[in-house]
Amino acid sequence: MKINEKFNVLCVDLTHDGLGVCKIDNFSIFVKYLLPNEEALIKITKINKSFGFGEIINIYKESVNRIEPICKHYYECGGCDLLHVNYKYQLEFKKKMAEESFKRLGNLDLKVDNIYGMNEPLFYRNKVQVFFDMNDKLISGFYQSKTHKVFSLEECFIQTDTASMIVKDFTRLANKYNLTSYDETLKKGILRSMLIRSNSACEYIIVIIVRHDIEVALKNIAEELKRLYPNIIQFIMNLNYKETNTILGKKDKIIFYNKMLYEVVNNIKYVIDYKSFFQINYVQMVKLFNKVKDYITIYDKTVVDGYCGVGAISLQVANKVNKVFGIEIVEEAITNANLNKEINNIKNIDFILGKTEKQLKAIKNIDCIIVDPPRKGLDIELVNSIVDKKINKIIYVSCNVATLARDLAVFNKNYNIIEVNAFDLFPHTKGLEMCCLLTLKNE
Ligand SMILES: C[S@@+](CC[C@H](N)C(=O)[O-])C[C@H]1O[C@@H](n2cnc3c(N)ncnc32)[C@H](O)[C@@H]1O
């Protein structure tokens, strides 16, 4: 087998990254965008020791699950992974992927009990980040898959239409004021990226991340933008002087600030700071939070919400229990969590700044712990602490099935895994959110 050599293949499976798996004399070749049961002519693009990669030249027999991607940028954009298959199949693929990960990475024979998809899986993202580049004039968009090369974004079906329009209008106005993009290699230019955060009431925060202070130009642009989009409630310049590709700098300058951005979930109001973590898909987040609430019973008097962010889950469960301890490592998030507690007039939560693995040790008589860690999963110190304390119930929310499988394998010795639910928070991408219920085994 050589690079550029062509083969007729049959696709037999999909990898967890959504690549088609083909066998050529028992040697695995992974082909992007090819689907199980499809027959195609492919070209070999890379050969490793025990597997290789190929690209499609022509598909002879198409899968019944293949559809025409809705977005014209799909094949160059690094954002979506599954726009070439129908939504029903996306959910089946994600469920299978999760179950296979439990087996492969945790040696667990677990089934996903339910997978919750969206009725209309489009325009769901409430947080968007676009980058700038020069192409005769300033352009804005996402990075091309696996590169730092920006393509000019004309449409996007997972962020709101208003967000896409704001990006286009900002770029047009930035060109009018001769603003340039920051070039990472030459260390020259001004605009690094743009962050947009919105809520379900369609209000927007705009953050422009810059290399140098351009307050005057941004004031003019913000004024014009505000006339076009009166629902922009904050416009912030974030100064990032660094020569690295870190996204945000430490210093903010407010260009204008009309009011705070709020989100409301089940009658609980949340203040959202552009820097704090908040789930990016409102409709699916509500389903996820309701599942967590359903798992809380009258026996759960003292509950810990580890990794609590701005207190999203703590505030949802507070009225079902006696006491909640929310633990979070980011100071701004704890400040927001306390503000959220105050505006909702909730008294039975203590928010603690620090690492869950350290802070948990001091809390006594815990009936239930909710954990919602970042992608790297739980710290082993925390897993051991939960087991040592014999906490009766664990509700594990996870955005990474690989680390979830690893952690569940450890808990499996002392806990029964009662239910596993999947929530499609990220339609058209390979991402999946999980929520599992575990109870302590009787000794
Ligand atoms: C996936 S978010 C979950 C936030 C929240 N549960 C929600 O739904 O909005 C994970 C959070 O854990 C925080 N975090 C990361 N490592 C932590 C640690 N060791 N201890 C406590 N919090 C941590 C992050 O800052 C982030 O806010």
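**Exercise 1.** In this predicted model, find which residue of β12 stands opposite L239.

*Solution.* Start at L239. Its partner across the strand pair is K251 in β12. Now take the strands themselves. β11 covers residues 232-239, and six bridges join β11 to β12. The two strands run antiparallel.

**Exercise 2.** Place β11 and β12 in their sheet: give the strand order, the edges and the twist.

*Solution.* Write down the order: β8-β7-β9-β10-β11-β12. That makes an open sheet of six strands, with mixed pairing. Next, look for strands that pair on one side only. These edge strands are β8 (137-141) and β12 (251-257). Last, the twist: from one strand to the next it averages 20°.

Then add the helix. α2, residues 161-176, packs on this sheet. It touches β7 (127-135), β8, β9 (191-198) and β10 (204-210). The direction of α2 makes about 165° with that of β8.

**Exercise 3.** Describe the connection and the pairing of β13 and β14.

*Solution.* Begin with the pairing. β13 (residues 261-265) and β14 (residues 268-272) share five bridges in the antiparallel sense. Across this pair, V264 stands opposite K269 in β14. Then check the turn. Two residues lie between the strands, and the unit is a hairpin. N266 sits in the turn with a positive phi of about 50°.

**Exercise 4.** Identify the residues that touch the most other members of the largest nonpolar core, then list the contacts of I395.

*Solution.* The core holds 120 residues. V292, I370, I394 and I395 touch the most other members. By element, β10 gives the largest share, seven residues. Now set aside neighbours of I395 within four places in sequence. I395 is then in contact with V292, Y295, C368, I370, C435 and L437.

**Exercise 5.** Characterise the shell around the ligand.

*Solution.* Count first: 20 residues surround the ligand. Y307, G309, A312, I329 and D372 come nearest. Sort the shell by type: 12 nonpolar, three polar and five charged. Then trace the elements. α5 (312-317), β16 (323-328) and α7 (356-359) each supply at least two residues.

**Exercise 6.** Is K355 buried, exposed or partly exposed?

*Solution.* Locate K355 in the loop between β17 (349-353) and α7. Count the other C-beta atoms within 10 Å: there are 16. Buried needs 20 or more, and exposed needs 12 or fewer. K355 is therefore partly exposed. For scale, compare with L83, 272 residues away along the chain: the two C-alpha atoms are separated by 38 Å.

Methods: Residues are numbered from 1 along each chain as its sequence is written. This is a predicted model: local features need pLDDT of at least 70, side-chain atom pairs count only at pLDDT 80 or more; totals for chains, interfaces and linings use all residues. A residue is near a molecule or strand if its C-beta atom, placed from the backbone, lies within 6 Å of it. Helices (H or I, at least four residues) and strands (E, at least two) are DSSP runs, numbered from the N terminus. Ala, Val, Leu, Ile, Met, Phe, Trp, Tyr, Cys and Pro count as nonpolar, Asp, Glu, Lys and Arg as charged, and the others, Gly among them, as polar. Two strands pair if DSSP finds at least two bridges between them. Axes are lines fitted to C-alpha atoms, for helices over the stretch in contact, and angles run from 0 to 180 degrees between N-to-C directions. Two residues are in contact if their C-beta atoms, placed from the backbone, lie within 7 Å. A nonpolar core is a set of buried Ala, Val, Leu, Ile, Met, Phe, Trp, Tyr and Cys residues joined through C-beta atoms within 7 Å.
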